[in-house]
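Q: Can you walk me through this one? I'm new to reading structures.

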Amino acid sequence: MATVALWLITISSDQPIHEIATRLSAEGLTIREVLEEIGCITGAADEATAQRLKQVQGVLDIAPDMPMDIGPPGASETW
C-alpha cells in the first residue's frame, strides 16, 4: 500500500486557483487548504499521485509539506 504524504503545491497566477484545485482533486489529491493569497494549495496524496500532479495545468511546483515550529518567544532555536 502506498504511503500518503502531505504536499504543498505552488500554482500559477494566470488561472483561478479554485479551477486548479478542482483539477488536482480529480487527479487524486485530497485538498486540505486553498491558500489563495499566496498561490498555494495543500493536500494529501501518495508519491505516484504527486508525480502525476506535476503535469496538471497551472501547477508550478510540488514539494513535501513539512511542519514548522517557531518555538516559544525568546527560544534560541526556531526549527
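A: One definition before we start. Strands here are DSSP runs of E with at least two residues, numbered from the N terminus. Also, this is a predicted model.

Q: Okay. What does the hairpin of β2 and β3 look like between the strands?
A: Four residues sit between the two strands. G39 in this hairpin has a positive phi, near 70°.

Q: How many bridges pair β2 with β3?
A: Five bridges. The pairing is antiparallel, and β3 covers residues 40-46.

Q: Which residue in β3 stands opposite V34?
A: That's I41. Likewise, I31 has G43 of β3 opposite.

Q: Zoom out. What is the strand order in the sheet?
A: The order is β2-β3-β1-β4. The sheet is open, has four strands and pairs them antiparallel.

Q: Which strands stand at the edges, and why is one side of each left without a neighbour?
A: The edge strands are β2 (30-35) and β4 (59-64). Each has a single partner strand, so one side has no neighbour in the sheet.

Q: And how much are neighbouring strands turned against each other?
A: By 25° on average, ignoring direction.

Q: New topic. Where does helix α1 lie?
A: Helix α1, residues 17-26, lies across β1 (4-11), β2, β3 and β4. Its direction is at about 165° to β2.

Q: Which residues of α1 are buried?
A: They are I17, I20, A21 and L24.

Q: Why do they line one face of the helix?
A: Look down the axis of α1. The buried residues fall within an arc of 105°, so they line one face. There's a general rule behind this. An α-helix has 3.6 residues a turn, so residues three or four places apart point the same way.

Q: What do those buried residues pack against?
A: The buried residues of α1 pack against β1, β2, β3, β4 and also α2.

Q: And which residues are exposed on the other side of α1?
A: T22 and A26 are exposed there.

Q: What follows α1?
A: G28 does, and its phi is positive, near 115°.

Q: Last topic: confidence. What pLDDT does the protein average?
A: The average is 92, and 96% of the residues score at least 70.

Q: Where is confidence lowest and where is it highest?
A: It is lowest in helix α2 (residues 47-53), with a mean of 96. It is highest in β2, at 98.

Notes
Residues numbered from 1 in each chain as written. Predicted model: local features only at pLDDT ≥ 70, side-chain atom pairs only at ≥ 80, totals over all residues. Heavy atoms only, no water. Pairing = 2+ DSSP bridges. Axes fitted to C-alpha atoms, helices over the stretch in contact; angles between N-to-C directions. Contact = heavy atoms within 4.5 Å. pLDDT = per-residue confidence, 0-100. Buried < 20%, exposed > 50% of the residue type's maximum accessible area, 1.4 Å probe, protein only. Arc of directions from axis to C-beta.
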